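Subject: Structure handover

Hello,

Please find the structure below. My notes on it come after.

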Amino acid sequence: MTELPALITAFTTMFIIIDPPGLAPVFIALTQGMSPAQRRTIAIRACVISAILMIIFLFLGETVLGFIGISMDAFRIAGGILLFLTALDMLFQKRQARREENAAEGQAEHEDDPSVFPLALPLIVGPGAITTIILLAGGAKDAADFGAIAMVLLAVLLIVLLAFLAAPALERALGKTGLNIVTRVLGMLLAALAVQFVLDGLRGFGIGA
């Protein structure tokens, strides 16, 4: 996992799953009417909470699987299928609509501070992100691997933070059409990565080359 190609794959997977450009307009909607200082505070808090959740799943996710008797290869296959369904949502624009619905619900319930819900959970650390973190942890062999994965997760969260801080400018630059194009391209890449997860799981069971 400490090799550059593996790190690039891990980063690309997490980036696609979390989709910082897609989160930017949701962040704008959740913080509408707030001052720049309030927006910065919420953005930082959401990313810090997300980092804590990710680290917990990174180090304890596989232990929980072992406790309930699920092998990593079985989880890779199930996770790959889940990621593929997420990719389909992105390709057909269902994911963004669901995010906006979650955002609206979260804003109604936590109008003053949306950093925990719905920003950190489930918009940043959603089922797809949790699945991916556990799958990446399954390929870690030592402390260096876990450290490398943790750095990848933090790097993606840093991009999320930057997207939040630059959300108004990003929205003006891309426009609705631009954001839709970016989401669909990321969905295509995620579909390919999801298939790779399934193939890796099948190889673990001795199916395929």
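The notes cover the basis of the model, two helix contacts and the record's annotation.

This is a predicted model, in which local features need pLDDT of at least 70 and side-chain atom pairs count only at pLDDT 80 or more, while totals for chains, interfaces and linings use all residues. Residues are numbered from 1 along each chain as its sequence is written, and side-chain values use heavy atoms, with hydrogens and water left out.

Helices are DSSP runs (H or I, at least four residues; strands are E, at least two), numbered from the N terminus.

Helix α1 (residues 4-18) packs on helix α8 (residues 143-165) at about 40 degrees, with the axes 10 Å apart. Axes are lines fitted to C-alpha atoms, for helices over the stretch in contact, and angles run from 0 to 180 degrees between N-to-C directions. The α1 and α8 pair is therefore oblique (under 35 degrees is roughly parallel, over 145 roughly antiparallel, 65 to 115 roughly perpendicular, the rest oblique). Among the residues in contact (heavy atoms within 4.5 Å) are Phe11 and Phe15 of α1 and Val152 and Ile159 of α8. By class, this contact of α1 with α8 has 13 nonpolar, no polar and no charged residues (Ala, Val, Leu, Ile, Met, Phe, Trp, Tyr, Cys and Pro are nonpolar, Asp, Glu, Lys and Arg charged, the others, Gly among them, polar).

Helix α3 (residues 36-67) meets helix α7 (residues 127-138) at about 70 degrees, axes 8 Å apart, which means that α3 is roughly perpendicular to α7.

UniProt, in an unreviewed entry, lists transmembrane regions including residues 6-30 and 42-68; such annotations may be inferred rather than shown by experiment. Residues 6-30 are 96% helix and 0% strand.

Regards
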